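Here's a quick walk through a fold, as questions and answers. Take a look at the structure first.

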Amino acid sequence: MNADTPADTPAGTDIFGPSTAPGAVTSGLLAAWAVHDLEEMATMARWTRTRVPALRERHPGVPDRVWRSLEAVDGREFATAVAVMGLVVAAASADGYRTGGRSAFYQASLNGFGLHGLVHVAQAAATRGYTPGVITSPLLVVPFTLWARGRLRRAGVLRPTRARDIVSGLALAGAATVVSHAVARRIHRATPAA
């Protein structure tokens, strides 16, 4: 038993109960993210090539710089951005594991992950078609997030969710995405293609 485990918890179990180790809740975030981002990596290049021209034509009000920035990301840069984001998610998962799920960083990352899954679904609805990440969002991202939050709630460690928590979860996911792409762009501008 560690210092974060309540005294009335039977030996050999943890705050999550005998059937779910904290690793399934905290490290599961990294595993779910990896599966989700594999879908994105497998489909982004083709989607950009085939769908962006049609979307540009259908939505002339969207600034041209948005379309150009989508088209400018090559496979190597996207893979690097995914790797950078993986470091952020791994850090959040590790912090969640270390704190028994209590970490504010872990919980904000978990919330951001789930909310970003809803954004993928909204993007697919707005574009009236497939967008990278939309298959695993309703099948994995959102269900995992709800399950993990339920386990944290039952363990008594889930922080209350307020409107500002939703905004901060989305902001964290958005900021991490922007930073990971900026880092990837900088790496690939500094490193000539092999």
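Q: Is aspartate 95 buried or exposed?
A: First, the ground rules: this is a predicted model, where local features need pLDDT of at least 70, side-chain atom pairs count only at pLDDT 80 or more, and totals for chains, interfaces and linings use all residues. Residues are numbered from 1 along each chain as its sequence is written, and side-chain values use heavy atoms, with hydrogens and water left out. Buried means under 20% relative accessible area, exposed over 50%, and partly exposed in between (1.4 Å probe, protein chains only). Aspartate 95 comes in at 18% relative accessibility, so it counts as buried.

Q: Which residue forms a salt bridge with aspartate 95?
A: A salt bridge here is a side-chain nitrogen of Lys or Arg within 4 Å of a carboxyl oxygen of Asp or Glu. The closest N and O atoms of this pair are 2.5 Å apart. The two residues sit 3 apart in helix H3, so about one helical turn separates them (helices are DSSP runs of H or I with at least four residues, numbered from the N terminus). The partner is arginine 98.

Q: Which residues do salt bridges that share partners join into one network?
A: Aspartate 64 pairs with arginine 56, with the closest N and O atoms 2.5 Å apart. Arginine 56 also meets glutamate 71, at 2.6 Å from N to O. That second pair links distant parts of the chain, with arginine 56 in helix H1 and glutamate 71 in helix H2 (residues 64-72), 15 residues apart. The network is Arg56, Asp64, Arg68 and Glu71.

Q: How are H1 and H3 oriented to each other?
A: The axes of H1 (residues 22-58) and H3 (residues 75-98) come within 8 Å and cross at roughly 170°. Axes are lines fitted to C-alpha atoms, for helices over the stretch in contact, with angles from 0 to 180 degrees between N-to-C directions. Angles over 145 degrees count as roughly antiparallel. H1 and H3 are therefore roughly antiparallel.

Q: Which helix supplies the largest share of the largest nonpolar core?
A: Such a core is a set of buried Ala, Val, Leu, Ile, Met, Phe, Trp, Tyr and Cys residues joined through side-chain atoms within 4.5 Å. This one has 25 residues, and Leu29 is among those touching the most other members. H1, H3, helix H4 (104-127) and helix H5 (136-155) each supply at least two residues. The largest share, 8 residues, comes from H1.

Notes. Parallel < 35°, antiparallel > 145°, perpendicular 65-115°, else oblique.
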